[in-house]
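Reader: I've got a model open and want to check the labels people attach to it. Could you walk me through the reasoning behind them?

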Amino acid sequence: MRPVLVVGFVGVTIGLVAQFQPDDSVIYVEEPDVIRKRHVRDQIEGVGFVRGLIEWEYLTPGKADEFFHAHRDLDPAAIIPAIEYATPFAARLAERYGLPGATFGAAEIMRDKALLRQVTAAAGIRNPASVRVTSPADVLAFMRERSIVLKPSNRQAAVGTQVIHDPDDIEQAWAHCTAQDEGIFVPDRPMELSMLAEEFVEGEEFSVEMLVRDGTPLWANTTGKQLVPGPLPVELAHIVPADISADLDELLKVETARVIDAAGFRDGIVHCEWIVSDGVPHLVECAGRLAGDGILDVIQLAYPVELLRCYYAVLKGEDPPSDLPARAKSGAAVRFLTIEPGVVESVEGVDEARQLDGVHLLQVTVAPGEKFGGLRSSWDRAGIVMATGDTSAEALRRAENAAAAVHIEVR
């Protein structure tokens, strides 16, 4: 059996992958430091579909071609990018093996937010004004009399992203945004950092998750988003499908298809984020991989659709089901738990919250005695709730009720 290579380990998808991948069919490719820090070998021990684990520094340029020469006889059935940082490596490796993929060019464009802005703006897609910056002085020169967003152009999970309304906050914001620490999720060696300043656009936020084959959309969903209040735009909730008009839903999907065309993306899934201001979608960013933050799970609950299976099928060169549901059958939502900085003293109400109507999943990721440094990025939330309902609004209410039933005391 030809193996599927999954680049980047995502433990929470093991149960979903096990539903359709046969035994001994998947080889994970992961950074050696990440394997060690996340205890990946322990997590895949005894998992039926896992054939093996290859240690490879895939974040280093040129490593896809080195992998191909070292494993030319591996003959994989598909190359699956599972995380943001794996997308260029996976795309190049797919090209070398002659398999479907994003294309290396499209993956490189989508991994660099500044480059994505340049390319999509040239195609007529609305982008906030932006500029690459290398110092607080550059940020001040760009800011003038408007609010801006400062962020890395080559990071994930809202790491190092901050809204700035006052020029006096630039120095502190620069220090915050350039102090990158993604802990166990990245290698120990330094990663190149590129900074971007852009115009702050105020409006409702959405994402479009779109399955693509040969550059043509096969299926799409629009997700509504809520952010934690304050200068750090960390996502608090995801609502599937977004509770919006049919016209806006269609517009966001059309604009996402234009992004795909502009970047030359060929095969896979994109997760494209938008801010709608005065009825006009403004591109935030677009990733050439599955959405994280539980969005995949709630999509599969709401429609229902086996989106992960479809993703694998497209990258294997197979036909996904022809009857993919155009509309959701119900609503589903993700709501994250957030706490203030300090030492966690107690966690109560979890079992009771799990019994509430519509609750599909509830996990708390902090424990008594643990020191919590504060909400800086998507990695810093204290837990997650997933809930379902007849409508999106009902699903969100149920997720919020469950989140409110969990009491985390912090000293």
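**Labels and what backs them**

Author: Sure, let's start with two helices that touch. From H6, the residues Glu108, Ile109, Met110 and Arg111 meet Lys113, Leu115, Leu116 and Val119 of H7. Keep in mind that this is a predicted model.

Reader: What classes of residue make up the contact of H6 with H7?

Author: It has five nonpolar, no polar and three charged residues. Lysine, arginine and glutamate go into the charged class, while Leu, Ile, Val and Met count as nonpolar.

Reader: Why are H6 and H7 called roughly perpendicular?

Author: The axes of H6 (104-111) and H7 (residues 113-122) cross at roughly 110 degrees. The label covers 65 to 115 degrees, and therefore H6 and H7 count as roughly perpendicular to each other. Their axes also come within 5 Å.

Reader: Next, Thr256. How do you know whether it is buried or exposed?

Author: Thr256 is found in helix H10, and its relative accessible area is 0%. Buried means under 20%, so Thr256 is buried.

Reader: And which residues is Thr256 in contact with, leaving aside its neighbours within four places in sequence?

Author: Those are Val208, Met210, Val270, Cys272 and Trp274. Contact here means heavy atoms within 4.5 Å.

Reader: What about Asp75: what makes its accessibility class what it is?

Author: Asp75 has 41% relative accessibility. Buried would need under 20% and exposed over 50%, so Asp75 counts as partly exposed. You'll find Asp75 in the loop between H4 (63-70) and S4.

Reader: What is there to say about the phi of Asp75?

Author: Phi of Asp75 is near 50 degrees, a positive value in a residue other than glycine. His39 also has a positive phi, about 55 degrees, although it is not a glycine. His39 sits in the loop between H2 (32-38) and H3 (40-44).

Reader: Which peptide bond leading into Pro241 is cis, and what is its omega?

Author: The bond from Val240 to Pro241 is cis, with omega near -10 degrees. Pro241 belongs to the loop between S11 (235-240) and H10 (246-263). Another cis peptide bond runs from Tyr303 to Pro304, with omega near -20 degrees. Pro304 lies in the loop between H11 (295-302) and H12.

Reader: On to empty space. What makes something a cavity and not a pocket?

Author: In a cavity, a 1.4 Å probe fits but cannot get out, whereas a pocket is open. The structure holds five cavities of 30 Å³ or more. About 90 Å³ of space lies in the largest cavity.

Reader: Which residues lie nearest the centre of the largest cavity?

Author: Of its 16 lining residues, Pro81, Gly101, Ala102, Asp267 and Leu315 lie nearest the centre. H5 gives the most to this lining, with four residues. By class, the lining has 11 nonpolar, four polar and one charged residues.

Reader: And how is the lining of the second largest pocket made up by class?

Author: It has 11 nonpolar, five polar and 10 charged residues. This pocket holds about 730 Å³ of space. Its lining runs to 26 residues, with Leu59, Pro61, Pro88, Glu108 and Arg111 nearest the centre. The elements giving two or more residues to that lining are H4, H5 and H6. Glu108 and Arg111 turned up earlier too, among the residues of H6 that meet H7.

Notes:
Residues are numbered from 1 along each chain as its sequence is written. This is a predicted model: local features need pLDDT of at least 70, side-chain atom pairs count only at pLDDT 80 or more; totals for chains, interfaces and linings use all residues. Side-chain values use heavy atoms; hydrogens and water are left out. On a 1 Å grid over the protein atoms alone, a cavity is a set of points where a 1.4 Å probe fits but cannot get out, and a pocket is an open set with protein on both sides within 12 Å along at least five of seven lines; lining residues have an atom within 4 Å of a point. Grid points are joined across faces, edges and corners, and a volume is the space filled by probe spheres set on the points. Buried means under 20% relative accessible area, exposed over 50%, partly exposed in between (1.4 Å probe, protein chains only). Axes are lines fitted to C-alpha atoms, for helices over the stretch in contact, and angles run from 0 to 180 degrees between N-to-C directions. Angles under 35 degrees count as roughly parallel, over 145 as roughly antiparallel, 65 to 115 as roughly perpendicular and the rest as oblique.
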